[in-house]
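Thank you all for making the time today. Before I say anything, please take a moment with the sequence and the structure on the screen, and then I will walk through them with you.

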Amino acid sequence: VSAHFLPSEEKTHRTLAVAIAALGAIALVRGFRRHRSSRVLVLMAVGLVFIFGGAFWGDRLPSHAAEVLITLVGSGFMIAAHRMNHTFCRDCSCSRAE
């Protein structure tokens, strides 16, 4: 009976996509405010489109593998944006203790 209260696989995927993307976006926006690199925002936006596309429209894709691939591509864009932000922090005073 308790299994009926557990979220379905799709609902779980969508919830995780929204939660993880929101946390990542918050971190990226904070970095953007400090460094003003539009490349970071572009990478983030593209990554979010892929992640949300996989989470919300993955059932319309030809296979589960395609859904996974799209989600991984989006994650790669988000990782690249975070890495770029990290590089900017390393090169400025924001990463040093004041």
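I will begin with the overall fold, then turn to the surface, and finish with two residues in one helix.

Please keep in mind throughout that this is a predicted model. The protein has 3 helices and 0 strands, and when we read along the sequence, the pattern is α-α-α. Of the 98 residues in the protein, 26% are buried. If we take the contacts with a separation of 6 or more, 74% of them are between residues 24 or more positions apart.

Now to the surface, where the accessible area of the protein comes to about 6,800 Å², and carbon and sulfur atoms account for 67% of that. Which residues form the positive patch on this surface? They are Arg30, Arg33, Arg34 and Arg36. One of them, Arg33, is found in helix H1, which covers residues 9-35. Arg33 counts as exposed because its relative accessible area is 60%, and the cut-off for that word is over 50%.

There is also a nonpolar patch on the surface, formed by Val18, Phe56 and Trp57, and together these residues have about 280 Å² of accessible area. Val18, like Arg33, belongs to helix H1. Is Val18 exposed or only partly exposed? With a relative accessible area of 39%, Val18 is partly exposed, since that term covers the range between the limit for buried, under 20%, and the limit for exposed, over 50%.

Let me close with helix H2, which runs over residues 38-57 and includes Leu41, and which also holds Val40. How do these two sit with respect to the surface? Val40 counts as buried because its relative accessibility is 0%, whereas Leu41, at 28% relative accessibility, counts as partly exposed.

Each of the two can also be paired with a residue elsewhere in the sequence. Val40 and Val29 are 11 residues apart in sequence, and their C-alpha atoms are 8.6 Å apart in space. For Leu41 and Ala81 the separation in sequence is 40 residues, while the distance from C-alpha to C-alpha is 7.5 Å.

To look back for a moment, we have seen a predicted model with the pattern α-α-α, a positive surface patch of arginines that includes Arg33, and a nonpolar surface patch that includes Val18.

Definitions and conventions. Residues numbered from 1 in each chain as written. Predicted model: local features only at pLDDT ≥ 70, side-chain atom pairs only at ≥ 80, totals over all residues. Heavy atoms only, no water. Patch = residues over 30% accessible without salt bridge, like charges linked within 9 Å, V, L, I, M, F, W, Y side chains within 5 Å. Areas by Shrake-Rupley, 256 points an atom, 1.4 Å probe, with all protein chains shown as cover. Salt bridge = Lys/Arg side-chain N within 4 Å of Asp/Glu carboxyl O. Lys, Arg positive; Asp, Glu negative; His and termini not counted. Charge placed at Lys NZ, Arg CZ, Asp CG, Glu CD. Helix = DSSP H or I, 4+ residues; strand = E, 2+ residues; numbered from the N terminus. Buried < 20%, exposed > 50% of the residue type's maximum accessible area, 1.4 Å probe, protein only. Contact = heavy atoms within 4.5 Å.
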